[in-house]
Amino acid sequence: MAFPSPDTRNPVILPDGTTHAGTVFLSAAIDHPRWEVGAYSYASAHRPPEDWAAHLAPYLHAHAPERLRIGRFCQIADGALFVTASANHRRDGASTYPFAIFDGMDPARPSLRVGPTPDTVIGHDVWIGARATILPGARIGSGAIVGAGAVVGGAVPAYAVVAGNPARVVRGRFDAAAVARLLEVAWWDWPIDAVLAAEAEICSGDVAALAARTPP
């Protein structure tokens, strides 16, 4: 069986030949002007939504100033939630109440001036566990693992494992030299045939063997 194209909405084929509705390649399932998502990144849900963009990032509206940027080969488990910057309320005054949303939504109103609206950026090959929450402006490095139920804000180093609320680094997956080599190899940018040919090395901890498979 050929590996599915990233344009395939439901890439998992069940034993009876039907597709699994609860798993989607996001590049095929989401058409939203504020989303940027790389090839082969997928999300799963026990109850598949009609609108995957709204399900995963309900505050990221088409007119929002920020973006949600997700790399290639990411894995997003059921219940994961991206709270993007437009969800913020003012925190510098006597009240956080957004009065203007109930009578006109004028962005110039004082109660809607929330300050900077940073993008949320997820690297490549990031695993986001079940019910994890990614906060506005978070930047998660490639190869990171976000534990189930974690609440992630700020920067997560590449190939770190984070867990908890607030999420903290539990450990690194590799030492600093190996992380640097993995980021240099950047296997997620290879053609899919080269990725599949190097599956054993990619899924092992032998960074030197993977680096030796680097396509010219």
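These notes cover a parallel sheet, the aromatic contacts and a nonpolar surface patch in a predicted model.

1. The sheet considered here is open and consists of three strands in the order β6-β9-β12, with parallel pairing. Its edge strands are β6 and β12 (151–152), each of which pairs on one side only. Strand β9, covering residues 133–134, is joined to β12 in the parallel sense over two bridges, and Thr-133 stands opposite Val-151 of β12.

2. Across the whole structure, a search finds eight aromatic pairs. One of them is formed by Tyr-159 and Phe-174, whose rings lie 5.7 Å apart centre to centre with 80 degrees between the planes; because an angle over 60 degrees counts as edge-to-face, the pair is assigned to that class. The two residues are 15 apart in the chain and the pair links distant parts of it, with Tyr-159 in the loop between β13 (155–156) and β14 (160–163) and Phe-174 in the loop between β15 (168–172) and α3 (176–185).

3. The partners in this pair are covered as follows: Tyr-159 counts as buried, at 3% relative accessibility, whereas Phe-174 is partly exposed, with a relative accessible area of 26%.

4. An aromatic cluster is made up of Phe-3, Phe-25, Tyr-40, Phe-73, Trp-187 and Trp-188.

5. On the surface, Tyr-97, Phe-99, Ile-101, Phe-102 and Met-105 form a nonpolar patch that together has about 540 Å² of accessible area. Phe-99 sits in the loop between β6 (81–82) and β7 (120–122), and this residue is partly exposed, at a relative accessible area of 47%.

Key
Residues are numbered from 1 along each chain as its sequence is written. This is a predicted model: local features need pLDDT of at least 70, side-chain atom pairs count only at pLDDT 80 or more; totals for chains, interfaces and linings use all residues. Side-chain values use heavy atoms; hydrogens and water are left out. Patches are made of residues with over 30% relative accessible area and no salt bridge: like charges are joined within 9 Å, nonpolar side chains (Val, Leu, Ile, Met, Phe, Trp, Tyr) within 5 Å. Accessible areas come from the Shrake-Rupley method with a 1.4 Å probe; for residues, only the protein chains shown count as cover. A salt bridge is a side-chain nitrogen of Lys or Arg within 4 Å of a carboxyl oxygen of Asp or Glu. Helices (H or I, at least four residues) and strands (E, at least two) are DSSP runs, numbered from the N terminus. Buried means under 20% relative accessible area, exposed over 50%, partly exposed in between (1.4 Å probe, protein chains only). Two strands pair if DSSP finds at least two bridges between them. Rings of Phe, Tyr and Trp (its six-membered ring) pair if their centres lie within 6.5 Å; planes under 30 degrees apart count as stacked, over 60 as edge-to-face and the rest as tilted.
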